[in-house]
Amino acid sequence: MGRLKYDGTSGPITVDDVTLAHVKVVIATKLRRQESFMMTWLHPEGEPDARITIWIHPAIPLQFGFDKSEFPQLSTSRIKAMMARLNATGELNLNLLEDEVDS
């Protein structure tokens, strides 16, 4: 499982390496365009917050950590689907990313 560290004060968000590699491309694309957005994910059962939403902004520190040193194969169609959903809703929902698969 990879880790996405945001703002330097919160605990990391854990995401599998392949999904995290796709999320990295989507986030980098939006931030390169100076476009902020929301990102949401569900916490495991028993955590104080069942669902978390954060505001992704270019000025807030962001770090991607991967368990494996190899770069995973990226799917252009998955990235396009993720970007389309994000642009339509203004929110990147990490729990819906399993739906973003090759057609």
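A polar contact is a pair of N or O atoms within 3.5 Å; within protein, one must be able to donate a hydrogen and the other to accept it, and residues adjacent in sequence count only if both atoms are side-chain atoms. One such contact joins the side chains of Thr19 and Arg78, at 3.0 Å. The model is predicted: local features need pLDDT of at least 70, side-chain atom pairs count only at pLDDT 80 or more, and totals for chains, interfaces and linings use all residues. Residues are numbered from 1 along each chain as its sequence is written, and side-chain values use heavy atoms, with hydrogens and water left out.

**Confidence**

- The protein chain has an average pLDDT (the predictor's confidence in each residue, from 0 to 100) of 88, and 92% of the residues score at least 70.
- Among the elements of the protein chain, H1 has the highest mean pLDDT, 95, and S2 the lowest, 87.
- Helices (H or I, at least four residues) and strands (E, at least two) are DSSP runs, numbered from the N terminus.

**Strand S1 and its partners**

- In a regular strand the side chains alternate between the two faces of the sheet.
- S1 (residues 2–6) shows this alternation: Gly2, Leu4 and Tyr6 point to one face and are buried, while Arg3 and Lys5 point to the other and are not.
- Buried means under 20% relative accessible area, exposed over 50%, and partly exposed in between (1.4 Å probe, protein chains only).
- Two strands pair if DSSP finds at least two bridges between them.
- S1 pairs with S2 (residues 13–15) in the antiparallel sense over 3 bridges, and Leu4 has Ile13 as its bridge partner in S2.
- The hairpin of S1 and S2 has 6 residues between the strands, and Asp7 there takes a positive phi near 75°.
- S1 is also joined to S5 (residues 62–65) by 4 bridges, and these two run antiparallel; Lys5 stands opposite Gln63.

**Strand S3 and its partners**

- S3 and S4 run antiparallel and are joined by 6 bridges, with Met39 opposite Ile54 in S4.
- S3 and S6 (residues 91–93) run parallel and are joined by 3 bridges; the bridge partner of Met39 in S6 is Leu92.

**The nonpolar core**

- A nonpolar core is a set of buried Ala, Val, Leu, Ile, Met, Phe, Trp, Tyr and Cys residues joined through side-chain atoms within 4.5 Å.
- The largest one has 21 residues, of which Ile13, Ile27, Met39, Ile54, Ile56, Leu92 and Leu94 touch the most other members.
- Two or more residues come from each of S1, S2, H1 (17–32), S3 (37–42), S4 (51–56) and H2 (76–89).
- H1 gives the most to this core, with 5 residues.
- Ile54 is in contact (heavy atoms within 4.5 Å) with Tyr6, Ile13, Phe37, Met38, Met39 and Trp41, not counting residues up to four places away in sequence.

**Helix H1 and the loop after it**

- H1 has 16 residues and reaches 22 Å from its first C-alpha to its last, close to the expected 22 Å (1.5 Å times one less than its number of residues).
- At the start of H1, a side-chain oxygen of Asp16 reaches to within 3.3 Å of the backbone nitrogen of Val18.
- Thr19 lies in H1 and counts as buried because its relative accessible area is 9%.
- The buried residues of H1 also include Leu20, Val23 and Ile27.
- Gln34, in the loop between H1 and S3, has a positive phi of about 65° although it is not a glycine.
- Gln34 counts as exposed because its relative accessible area is 60%.
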